[in-house]
Structure formats: C-alpha cells, structure tokens
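Open the model in your viewer and keep the selection panel at hand. This tour goes from stop to stop, saying what to select and what is there.

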Number of protein chains: 2
Amino acid sequence: MSDPDAAQRAFYTAFESADLEAMTAVWADDPDVLCIHPLGAVLLGAEAVREGWRLLFTAGEAMRFRVRVVAAWREPALATYTVEEHIEAPSAADGHALVLATNVFRLHDGQWRMVLHHGSPAPRQRPPVASVH
Amino acid sequence: MSDPDAAQRAFYTAFESADLEAMTAVWADDPDVLCIHPLGAVLLGAEAVREGWRLLFTAGEAMRFRVRVVAAWREPALATYTVEEHIEAPSAADGHALVLATNVFRLHDGQWRMVLHHGSPAPRQRPPVASVH
C-alpha cells in the first residue's frame with residue numbers, strides 16, 4: 001500500500017474476509033515481524049504470523065469490525081496506530097467484543113507493510129465515534 | 001533522554017521504583033499520549049496517564065522487571081519496542097507474571113519521550129535470554 005492508512009484498511013478488510021493471501025500481502029515478509037492475538041503468545045517472523053492467521057481463519061467465525069483510531073504517530077517510514085476494534089462475532093458474550101490493538105507499519109521498497117499487530121482484550125467502553133473502515 | 005533505548009530504561013526504572021515524578025518525566029506532556037495497562041481501559045492524554053500511574057504506584061506493590069526486547073523499529077524521530085516484561089510481584093499467582101508490552105517513543109525537542117505504553121497479559125513462556133535493564 002502506498003500509505004499506512006490504506007495498509008491498515010487492507011489489514012481489517014483481510015481480517016473480516018478471513019483472506020489468508022490478502023492478510024499475508026499486508027505484512028512485511030521479514031523475520032522480525034510480530035503478531036500478538038489477544039491473550040495469545042508472541043508470534044515472531046512472517047511464517048509464524050501467517051500460521052497464526054491461518055489457524056484463526058480456519059476457525060471460521062465471521063467477524064465484522066468497526067475500528068476507531070485512538071492515537072497515531074507517523075514518520076516518513078514508520079507509522080503506529082492504537083485502535084479500538086469493536087467486533088461483532090457470534091462467539092462473543094453478547095455478540096460484541098472490544099479489542100485494543102496497536103498496529104505498526106513500515107515503508108518497505110515504497111510499500112507500507114505491517115510489522116506489528118498487538119491485540120488485547122479491553123473493558124467494554126462507549127461505541128466508536130469515528131471509523132477508518 | 002537522548003536516545004530511545006535510554007528512555008525505555010528510564011521507564012522501567014521509574015516503574016520499579018514507583019517514582020511518579022520520574023515516570024511523568026519519561027512521558028511526553030501531550031494530549032495524545034496513551035497508556036493501556038493490562039486489561040485496563042484506554043488512558044488518553046498526559047493527565048490521565050499520570051493519574052493511572054499514581055493509582056498504580058499508590059497500590060504500593062514492589063515489582064521487579066526483567067525486560068526482553070522481542071522486536072524494535074526505529075526511525076529518526078519515532079521508535080517502537082515490543083517487549084516481554086518478566087515481573088516479580090508478590091500478588092502474582094506464583095510471584096511471577098509475564099506481560100507483553102508495546103512501547104512507543106517520539107523525539108520531542110531533542111528529547112525522546114514515551115507516547116504509548118500498551119501492556120497485556122501473556123501466556124507463560126520461556127525465561128528471558130537478554131535484557132535491556
């Protein structure tokens with residue numbers, strides 16, 4: 001993606017559609033990329049990250065996201081977002097879950113790629129007031 | 001601090017010593033700084049972040065940290081670290097807790113300051129093999 005906002009949108013689109021190839025394309029193909037699903041272990045490196053998404057997508061639950069950016073910082077080749085992910089998912093207690101996530105993207109050869117997704121459960125809060133997705 | 005590694009060390013030193021003034025000095029004094037303690041709510045802005053530390057430090061539990069950097073990215077004015085915090089704390093189940101944290105620092109007027117701390121509980125893993133602290 002040519003800008004980090006677009007890369008983040010592509011991440012959530014791939015997540016919602018459980019599209020492993022699209023998700024893989026979002027990430028940098030590097031040994032030091034890192035993914036932490038809520039309460040999960042550290043998945044380090046592109047292969048481990050991909051396998052994590054494969055397992056999650058194989059579980060097969062349809063999820064819908066509303067994403068609210070709480071804070072973001074951007075430099076010419078590095079961008080971070082911390083977001084509230086308001087998720088509709090059948091397995092959640094009342095069909096709704098709130099995850100806090102920090103996403104980091106780097107500019108690789110002219111393309112913004114994800115290098116970190118760190119998600120964690122959050123206490124229930126107000127509904128989103130803005131959305132990037 | 002004149003480099004982000006030193007800023008991160010100062011963060012953990014302030015955390016261990018429950019020193020609110022030292023912790024406040026680590027952070028940027030900005031309305032968009034963000035702190036998420038494990039399973040806690042989003043604390044947005046320097047005042048809310050400081051109040052969160054005040055409450056945590058008032059609880060008064062002595063904690064010792066061993067910090068292992070899992071991945072880090074750095075640009076001239078923005079640096080991110082994702083770390084394992086191996087914490088010795090009396091209230092933990094067996095005196096030991098593992099927290100995963102993403103820390104972000106920005107260069108403000110020649111000084112590196114923290115702008116994000118996002119902590120979350122993790123499954124127990126291997127002991128640290130390296131330390132920044």
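The model is predicted. Start by selecting A:Val69 together with A:Val83: the two stand opposite each other, with A:Val83 lying in S4(A).

**Stop 1: the hairpin in chain A**

Widen the selection to residues 64–75 and 78–88 of chain A, which are strands S3 and S4. Over 11 bridges they pair in the antiparallel sense. Together S3(A) and S4(A) make a hairpin, with 2 residues between them.

While you are on strand S4 of chain A, pick out A:His86, which has its place there. Is A:His86 buried or exposed? With a relative accessibility of 3%, it counts as buried, because the cut-off for buried is under 20%. Show its side chain and you will find a polar contact with the side chain of A:Glu84, at 3.0 Å.

**Stop 2: the whole sheet of chain A**

Now colour the strands of chain A. They form an open sheet of 6 strands in the order S2-S1-S6-S5-S4-S3, and the pairing is mixed. Which strands stand at the edges? They are strand S2 (42–44) and S3 of chain A; each has a single partner strand, so one side of each is left without a neighbour in the sheet. Look along the sheet to see the twist, which averages 20° from one strand to the next.

For a parallel pair, select residues 34–36 (strand S1) and residues 111–121 (strand S6) of chain A, which are joined over 3 bridges. Here A:Cys35 has A:His117 in S6(A) as its bridge partner. Then add helix H3 of chain A, residues 46–59, which packs on the sheet and touches S1, S2 and S6 of chain A. The direction of this helix makes about 125° with that of S2(A).

**Stop 3: over to chain B**

Chain B has an open sheet of 6 strands with mixed pairing, in the order S2-S1-S6-S5-S4-S3. At its edges stand strand S2 (42–44) and strand S3 (64–75) of chain B, each with a single partner strand, so one side of each has no neighbour in the sheet. From one strand to the next, the twist averages 20°.

Select strand S1 (residues 34–36) and strand S6 (residues 111–121) of chain B: they run parallel and are joined by 3 bridges. The bridge partner of B:Cys35 in S6(B) is B:His117. Two helices are worth showing against this sheet. Helix H1 of chain B (residues 4–17) packs on it, touching S3, strand S4 (78–88), strand S5 (96–108) and S6 of chain B, and its direction makes about 30° with that of S4(B). Helix H3 of chain B (residues 46–59) also packs on the sheet, where it touches S1, S2 and S6 of chain B; its direction makes about 125° with that of S2(B).

Next, isolate S3(B) and S4(B), which run antiparallel and are joined by 11 bridges. One pair to label is B:Arg64 with its bridge partner in S4(B), B:Glu88. The two strands form a hairpin with 2 residues between them.

**Stop 4: B:Thr82 and its surroundings**

Stay in strand S4 of chain B and centre on B:Thr82. At 1% relative accessibility, this residue counts as buried. Its side chain makes a polar contact with the side chain of B:Thr102, at 3.1 Å. Show what B:Thr82 touches: among them are A:Leu34, A:Ile36 and A:Leu116 from chain A, and B:Val69 and B:Ala101 from chain B.

**Stop 5: a cavity**

How many cavities of 30 Å³ or more are there? The count comes to 1, and about 60 Å³ of space lies in the largest cavity. To find it, select lining residues including B:Phe15, B:Leu56, B:Phe57, B:Gly60 and B:Met63. H1 and H3 of chain B each supply at least two residues of this lining.

**Stop 6: two backbone angles**

B:Ala18 is another of the cavity-lining residues, and it sits in the loop between H1 and helix H2 (20–26) of chain B. Check its phi: a positive value of about 50°, although B:Ala18 is not a glycine. Most residues other than glycine have a negative phi. B:Ala18 is partly exposed, with a relative accessible area of 37%.

Finish at B:Leu39, in the loop between S1 and S2 of chain B. Its phi is also positive, near 65°, and B:Leu39 is partly exposed at a relative accessible area of 48%.

Note on methods: Residues are numbered from 1 along each chain as its sequence is written. Chains are lettered from A and ligands numbered from 1 in the order in which they are written. This is a predicted model: local features need pLDDT of at least 70, side-chain atom pairs count only at pLDDT 80 or more; totals for chains, interfaces and linings use all residues. Side-chain values use heavy atoms; hydrogens and water are left out. Two strands pair if DSSP finds at least two bridges between them. Helices (H or I, at least four residues) and strands (E, at least two) are DSSP runs, numbered from the N terminus. Axes are lines fitted to C-alpha atoms, for helices over the stretch in contact, and angles run from 0 to 180 degrees between N-to-C directions. Contact means heavy atoms within 4.5 Å. Buried means under 20% relative accessible area, exposed over 50%, partly exposed in between (1.4 Å probe, protein chains only). A polar contact is a pair of N or O atoms within 3.5 Å; within protein, one must be able to donate a hydrogen and the other to accept it, and residues adjacent in sequence count only if both atoms are side-chain atoms. On a 1 Å grid over the protein atoms alone, a cavity is a set of points where a 1.4 Å probe fits but cannot get out, and a pocket is an open set with protein on both sides within 12 Å along at least five of seven lines; lining residues have an atom within 4 Å of a point. Grid points are joined across faces, edges and corners, and a volume is the space filled by probe spheres set on the points. Lists of a residue's contacts leave out its neighbours within four places in sequence.
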